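Please look over the sequence and the model below before reading on. The text that follows takes up helix packing, aromatic pairs and a few individual side chains.

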Amino acid sequence: MYSNELSDVLRQQVQPLTKFRQLCDAQDGSNKGLNRGDKYFWNVYSNVATQGGNLAETDPMPETSFAVAQRSLTVGEAGNSVPYTGKLSDLAKHDVVSILDKTLKDDARKYFDISAFNQFNACALRASTTTSATSITLDTGGVASQTNNVALGTGHIKAIVDAMKEQFIPPYIADDYVCVSHPSTFRNFKNQLEAIHQYTETGITFIFNGEIGRYESTRFIEQSFLPKGGAANATTYNVWTQTAQPWTNGLSSWAFMMGGDSVTEAIVIPEEIRAKIPGDYGRSKGIA
């Protein structure tokens with residue numbers, strides 16, 4: 001029941017719907033392929049231990065070294081299915097198979113984005129502030145030390161970008177970082193950008209097109225599936241009533257700023273639609 005063409009088509013349909021997954025740095029892991037075990041390894045190389053410098057004519061060439069750390073991931077399997085009967089297929093007014101294809105595609109999109117988000121959320125660097133509109137506190141232990149009570153603004157973006165550059169975090173694409181968050185989290189920031197760009201041709205084009213645009217070497221992406229607070233699924237936080245709101249300021253939420261070499265995805269078999277081998281003389285069916 002395997003089809004390369006079907007797999008490629010489904011992957012192309014799911015990929016544009018995701019936000020976090022499309023930002024995974026999958027260039028290495030995407031070629032893992034079949035029959036190569038469930039482990040994927042890559043090396044991380046440090047800077048040299050001793051910096052080179054000027055030499056006198058008779059000085060010997062200095063020698064130094066660098067460390068090599070190996071990282072790994074373990075490939076897992078994911079899937080979902082919907083069983084149905086031949087009677088349903090025969091009597092239904094709508095095309096059952098096309099409906100199941102659409103719902104399973106949407107389910108796959110959610111799973112992959114949640115999985116990618118959980119890995120991005122494992123980052124060690126956390127920037128937070130209590131009430132300042134221009135400064136941040138940078139923590140390296142994976143936990144923010146400040147309780148947020150101010151909406152994201154241009155001053156925060158400047159401070160975070162400066163901190164990322166001084167941490168030698170490489171850009172995600174060209175010279176730009178990428179930032180992902182909710183539309184309401186970006187609202188104050190977008191209002192400030194409109195004021196900055198209102199008398200420029202580029203800026204007025206952004207306003208007309210509803211684009212966030214580019215600011216301080218950062219490109220901004222909106223997402224609305226993953227809830228504020230970062231729960232792994234949409235059931236633990238009600239986005240309509242804002243119950244269990246984990247942020248003091250209702251307009252605020254997490255915002256991920258990312259550079260290159262962030263999250264890796266190892267792909268063995270791209271997502272695909274499979275039909276269940278019929279049982280009971282074709283009466284019992286299913287799609288996964």
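This is a predicted model. By the ring-centre rule, the count comes to 13 aromatic pairs. One of them is formed by Phe117 and Trp254, whose rings are tilted, with 5.3 Å from centre to centre and 45° between the planes. Phe117 belongs to helix H3 and Trp254 to the loop between strand E8 (218-222) and E9, so this pair ties together parts that are 137 residues apart in sequence. Burial is counted under 20% relative accessible area. Phe117 therefore counts as buried, at 1% relative accessibility, and Trp254 is also buried, with a relative accessible area of 10%.

Another aromatic pair joins Phe186 and Phe220; it is edge-to-face, at 5.7 Å centre to centre and 85° between the planes. Here too distant parts of the chain are linked: Phe186 sits in helix H5 (residues 183-197) and Phe220 in strand E8, 34 residues apart. Both Phe186 and Phe220 are buried.

Phe117 and Trp254 are also members of one aromatic cluster, together with Phe20, Phe120 and Phe256. Several of these names return in the nonpolar core. The largest nonpolar core has 15 residues, of which Phe20, Phe120, Leu226, Phe256 and Met258 touch the most other members. Two or more residues of this core come from each of helix H3 (96-120), strand E6 (177-181) and strand E9 (256-258). The largest share, four residues, is given by H3. A second, separate core of 13 residues includes Val161, Phe186, Phe189 and Leu193.

What does Phe20 touch, not counting residues up to four places away in sequence? Its contacts are Asp113, Ala116, Phe117, Phe120, Val180, Gln223, Leu226, Trp254 and Phe256.

Helix H3 deserves a separate look. With 25 residues at 1.5 Å a residue, H3 should span 36 Å, and its end C-alpha atoms are 37 Å apart, which agrees. The expected span is 1.5 Å times one less than the number of residues, which is why 25 residues give 36 Å. The buried residues of H3 are Val96, Leu100, Leu104, Ala108, Arg109, Phe112, Asp113, Ile114, Ala116, Phe117 and Phe120. Charged side chains are thus on this list, namely those of Arg109 and Asp113.

Arg109 and Asp113 are both touched by Thr18, not counting residues up to four places away in sequence. Thr18 is found in the loop between helix H1 (4-14) and strand E1 (39-48). At 0% relative accessibility, Thr18 counts as buried. Thr18 and Ala116 lie 98 residues apart in sequence, while their C-alpha atoms are 9.6 Å apart in space.

Arg21 has a partner in H3 as well. Arg21 lies over the face of Phe112, at 3.9 Å from the ring centre, and Phe112 is among the buried residues of H3. The side chain of Arg21 also makes a polar contact with the side chain of Glu265, at 2.9 Å. Is Glu265 buried or exposed? With a relative accessible area of 15%, Glu265 is buried. Glu265 lies in the loop between E9 and strand E10 (284-287). Arg21 is thus set over the ring of Phe112 and in polar contact with Glu265.

Definitions and conventions. Residues are numbered from 1 along each chain as its sequence is written. This is a predicted model: local features need pLDDT of at least 70, side-chain atom pairs count only at pLDDT 80 or more; totals for chains, interfaces and linings use all residues. Side-chain values use heavy atoms; hydrogens and water are left out. A nonpolar core is a set of buried Ala, Val, Leu, Ile, Met, Phe, Trp, Tyr and Cys residues joined through side-chain atoms within 4.5 Å. Buried means under 20% relative accessible area, exposed over 50%, partly exposed in between (1.4 Å probe, protein chains only). Contact means heavy atoms within 4.5 Å. Rings of Phe, Tyr and Trp (its six-membered ring) pair if their centres lie within 6.5 Å; planes under 30 degrees apart count as stacked, over 60 as edge-to-face and the rest as tilted. A charge sits over a ring if NZ of Lys or CZ of Arg is within 6 Å of the ring centre and within 35 degrees of the ring normal. A polar contact is a pair of N or O atoms within 3.5 Å; within protein, one must be able to donate a hydrogen and the other to accept it, and residues adjacent in sequence count only if both atoms are side-chain atoms.
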